Every structure is written in C-alpha cells, then in structure tokens.
Amino acid sequence: MISTAMAARMNAQINRELYSAYFYLGLSAQAEAANLKGTAAWFMAKHGEEMTHSLKMYRYLIDQDAAVQLSAVAAPPGEAAGVLDMFERTLAHEREVTAAINNLVDHALSEKDHATSVFLQWFVTEQIEEEATVNDILGRLRRFGDQGQALLMIDNELSAIAKQMKQLAASAGAGA
Ligand code: FEO
C-alpha cells in the first residue's frame, strides 16, 4: 500500500508517459510524411517504450492496491522544422521527464516510501540512457546537418537502432 499523495503523483506520471508515447507517435508520423523511414521507425520504437513505461507504473499501482486514475492526454506539438528540430524537442522533452522522475523519487524519500523509491530507480537509470542516446544523435545532426547525404546516413543509422530497440523490447517481454 502506498499513500494517496504518492499514488496521485504516480498517476500523474502515467499520464506523462502516455503523453510521451503520443509525442513520439506524432514525430513518427511527421518522419513518415517526410519519407524518412528510419527516423519514423526510431520514433515508433520510442512510442512503444513509453507505452511500456506507463504500463509498468500502472501495474505498480495495482500491485500496491492503489487506484489507477487515467486522465486526458494532451495533444502533441505541431510540425517540427526538420529532423534536427525533432531531436532537439526530444532532448528537451526527456529532460522534463527526468526532472519529473527525480521529483517522484524526492517525494517517495520524503515519505520514507522505500518500495516506490526502489521501483523508481529503474526509471532513473532509463532516463540516463535515454538522454545519452538522444545527445549522441543530436551531436551528429549538429555536426553534419540534417539535409541531403548526411540525413540519409542518419536515417539509415536510426533504422538500425530502431531494430535493436525492438529486439531488446521483445527479449525483455519474453523474460517478463
Ligand atoms: Fe518514459 Fe522517456 O520517459
């Protein structure tokens, strides 16, 4: 059992994770419209990851005998200026998520809620990895640009990363 205040914060985070999924689905659609199949696949893989995050939290609330309260998911932002802009938005978004996760951990610790604190550690680690991956992609986009040959190369690379992400997700699902 967790406190009502902790459960309310976790429910708000479920909404943020669902928004994240929607945010990436919107970017995937934009990449599809620009014929960037690898970029679209990368954002679609991110969409899947974010759905998994929301479901992890959903399951945790149920396991803790706390009520799941779903609320409206906001619309994702409008059209990005290009692939560089898509990844700049992604990094800014993930930094906001990292701050939200850190706030959740702070609250769990303030309540001496060790179970939730331990549960959230997975998300703390996940955010480090997510920010690092996006920073890496952004570094190349800033250096080589997001047009012409450079864009094609990055799109191919994103396609390969998306395949790895799908395989990892499938093996994590098989082990669950
Ligand atoms: Fe679930 Fe990337 O935050």
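The paragraphs below lead through the helices of this predicted model and then its largest pocket. Residues are numbered from 1 along each chain as its sequence is written. Because the model is predicted, local features need pLDDT of at least 70 and side-chain atom pairs count only at pLDDT 80 or more, while totals for chains, interfaces and linings use all residues; side-chain values use heavy atoms, with hydrogens and water left out.

A good place to begin is helix 1 (residues 4–33), whose axis comes within 8 Å of that of helix 2 (residues 37–63), the two crossing at roughly 165°. Helices here are DSSP runs of H or I with at least four residues, numbered from the N terminus, and axes are lines fitted to C-alpha atoms over the stretch in contact, with angles running from 0 to 180 degrees between N-to-C directions. Helix 1 and helix 2 are therefore roughly antiparallel, a word used for angles over 145 degrees, just as roughly parallel is used for those under 35. Their crossing is left-handed, meaning that the near helix is turned anticlockwise from the far one by less than a right angle. The residues of this contact divide into 18 nonpolar, 8 polar and 5 charged, where Ala, Val, Leu, Ile, Met, Phe, Trp, Tyr, Cys and Pro count as nonpolar, Asp, Glu, Lys and Arg as charged, and the others, Gly among them, as polar.

Helix 1 also meets helix 4, their axes coming within 13 Å and crossing at roughly 15°, so that these two helices are roughly parallel; this crossing, too, is left-handed.

Helix 2 has 27 residues and reaches 39 Å from its first C-alpha to its last, close to the 39 Å expected, the expected span being 1.5 Å times one less than the number of residues. Just after helix 2, D65 takes a positive phi of about 60°, and just after helix 3, K112 takes one of about 55°.

The largest pocket holds about 600 Å³ of space. A pocket is an open set of points on a 1 Å grid over the protein atoms alone, where a 1.4 Å probe fits, with protein on both sides within 12 Å along at least five of seven lines, and lining residues have an atom within 4 Å of a point; its volume is the space filled by probe spheres set on the points, which are joined across faces, edges and corners. Of the 24 lining residues, E49, E126, M165, L168 and A169 lie nearest the centre, and helix 2 gives the most to the lining, with 9 residues.

How values were computed:
Angles under 35 degrees count as roughly parallel, over 145 as roughly antiparallel, 65 to 115 as roughly perpendicular and the rest as oblique.
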